[in-house]
Amino acid sequence: MGLEFTREKVRRDRLTGLLLVEGNEAIKNQLMNNVPWSEYGFSPVLSADNGQDALALLERQSVGIIVIDIQMPVMSGVEFQVSAFLLKPVATKRFLDVAMRLHKEVQKEQAKEHELRALRAQAANDLLSLKEKFLTDLLHQKVAPAEISSKLEFFGLAECKDRDYQVVVMECHNGQGNSACEKDEYVLNIEFFDQAKQLLVGMFHYSLLINYNCRQLVAICFEPNENFYLYLKKYLDNLNLHFNLPFTFGVSSCFRGLQNLPMAYREAKVALQYRYIHGFNRIYFFSEIDVGHPANYKQFYQLY
């Protein structure tokens, strides 16, 4: 008979715990009490009488190393994967040496997994930043038409290629009517973007949100329908209620093909200019503006 050491699959951000599964109370007390386990970096240190009790314990508590008798009732040690094997009677020093070796291996795995998670997070953040830059470049017609299709594929936006959409430029204002762009503008911008993103989920069939600057967000809303205004009004009211600040939306005409995004964006910005004529907390549609009318032309000239 003997004891075998097994290594549990490493779970992230945990200390290396140890579980001793031994039915002989004398051996269990010797191994549990003759070593100051916590001083060697083991936490928690647990024990069980048999394999079945060990499995029940593992459902509640994570450990990195399991030491189990290879022959015991209910569930034997041969049903576990083995990393090391010791014959009984087991010398405490030999037991500790093997435990420490496995302890270092588990710590190396933890460090490697932590590094991999950090790399994955960095890659995801880089991809997100590149995606937002691509969309911002699209707004300003800085992407060659021949490259649009391949880049949509690369950023997982292929489904946007042949869909109808309208662009909504959303602006936040402070209580005095000036744009909310003061010392706390960075914090406000993050909260504005996060809240706007949450509200967009489920409100439109599909949408993209661009964090454009400290006071404006640009939303590309795909497949708008006859309820588009009602959705936007609900969206505007929710933002107003959350921040207790006035907002204004400028909305473009309906377009298809993201190569037309610069034109849609310009229309939304033109519509947004009407906030200085008719006030905040409103939604202005470019399709409802007679830009060519002499009176409107004079107003826009004065605004610009």
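The exercises below work through a predicted model of a protein, each with a solution in steps.

**Exercise 1. Describe the protein as a whole: its secondary structure, its buried share, its contacts and its surface.**

Begin with the secondary structure, which comes to nine helices and eleven strands. Next, take the buried share: of the 304 residues of the protein, 43% count as buried. Then turn to the contacts with a separation of 6 or more, of which 72% are accounted for by residues 24 or more positions apart. Finally, the accessible surface comes to about 16800 Å², and 51% of this area belongs to carbon and sulfur atoms.

**Exercise 2. Compare the span of helix H5 with the expected value, and state which elements its buried residues pack against.**

Helix H5 runs over residues 185–200 and has 16 residues. From its first C-alpha to its last, H5 reaches 22 Å, which is close to the 22 Å expected at 1.5 Å a residue. The second step is to list the buried residues of H5, and these are Leu 188, Asn 189, Phe 192, Phe 193, Gln 195, Ala 196, Leu 199 and Leu 200. The last step is to find their partners: the buried residues of H5 pack against strands S6 (164–172), S7 (206–210), S8 (216–222) and S9 (247–251), and against helix H6 (228–243).

**Exercise 3. Check the span of helix H7, and decide whether H7 is mostly covered or mostly open.**

Helix H7 takes in residues 261–272, and because a helix is expected to span 1.5 Å times one less than its number of residues, its twelve residues should span 16 Å. The end C-alpha atoms of H7 are 16 Å apart, in agreement with that value. As for cover, H7 is mostly covered, since nine of its twelve residues are buried. Among these buried residues are Leu 261, Pro 262, Tyr 265, Glu 267 and Leu 272.

**Exercise 4. Describe the largest pocket, giving its volume, its lining and the elements that contribute to that lining.**

The volume comes first: about 400 Å³ of space lies in the largest pocket. Its lining is made of 17 residues, and those nearest its centre are Lys 131, Phe 193, Lys 197, Leu 208 and Leu 209. The elements that each give two or more residues to this lining are H3, H5 and S7, and H3 gives the most, with five residues. Sorted by class, the lining has nine nonpolar, five polar and three charged residues. One link to Exercise 2 can be drawn here, for Phe 193 is among the residues nearest the pocket centre and is also one of the buried residues of H5.

**Exercise 5. Classify Asp 137, Pro 224 and Arg 256 as buried, partly exposed or exposed, and name their contacts.**

Asp 137 lies in helix H3 (residues 92–139). Its relative accessible area is 17%, and because buried means under 20%, Asp 137 is buried. Leaving out residues up to four places away in sequence, Asp 137 touches Lys 142 and Val 143.

Pro 224 lies in the loop between S8 and H6. With a relative accessible area of 23%, Pro 224 is partly exposed. Beyond its neighbours within four places in sequence, Pro 224 is in contact with Asp 164, Tyr 165, Gln 166 and Cys 254.

Arg 256 is found in strand S10 (residues 255–256), and at 47% relative accessibility it counts as partly exposed. Arg 256 touches Asp 162, Arg 163, Asp 164 and Tyr 165, again not counting residues up to four places away in sequence. Arg 256 and Asp 162 are 94 residues apart in sequence, yet their C-alpha atoms are 6.2 Å apart in space.

**Exercise 6. Describe the backbone at Pro 44, Asn 244 and Asn 281.**

The general expectation is that most residues other than glycine have a negative phi, and that most peptide bonds are trans. Against this background, a cis peptide bond joins Ser 43 and Pro 44, with omega about 0 degrees, and Pro 44 is found in strand S3 (residues 42–48).

Asn 244 has a positive phi, near 55 degrees. Asn 244 is placed in the loop between H6 and S9, and at 67% relative accessibility it counts as exposed.

Asn 281 also has a positive phi, of about 55 degrees, although it is not a glycine. Asn 281 is found in the loop between helix H8 (275–278) and strand S11 (283–285), and its relative accessible area of 36% makes it partly exposed.

Definitions and conventions: Residues are numbered from 1 along each chain as its sequence is written. This is a predicted model: local features need pLDDT of at least 70, side-chain atom pairs count only at pLDDT 80 or more; totals for chains, interfaces and linings use all residues. Side-chain values use heavy atoms; hydrogens and water are left out. Helices (H or I, at least four residues) and strands (E, at least two) are DSSP runs, numbered from the N terminus. Buried means under 20% relative accessible area, exposed over 50%, partly exposed in between (1.4 Å probe, protein chains only). Contact means heavy atoms within 4.5 Å. On a 1 Å grid over the protein atoms alone, a cavity is a set of points where a 1.4 Å probe fits but cannot get out, and a pocket is an open set with protein on both sides within 12 Å along at least five of seven lines; lining residues have an atom within 4 Å of a point. Grid points are joined across faces, edges and corners, and a volume is the space filled by probe spheres set on the points. Ala, Val, Leu, Ile, Met, Phe, Trp, Tyr, Cys and Pro count as nonpolar, Asp, Glu, Lys and Arg as charged, and the others, Gly among them, as polar. Accessible areas come from the Shrake-Rupley method with a 1.4 Å probe; for residues, only the protein chains shown count as cover.
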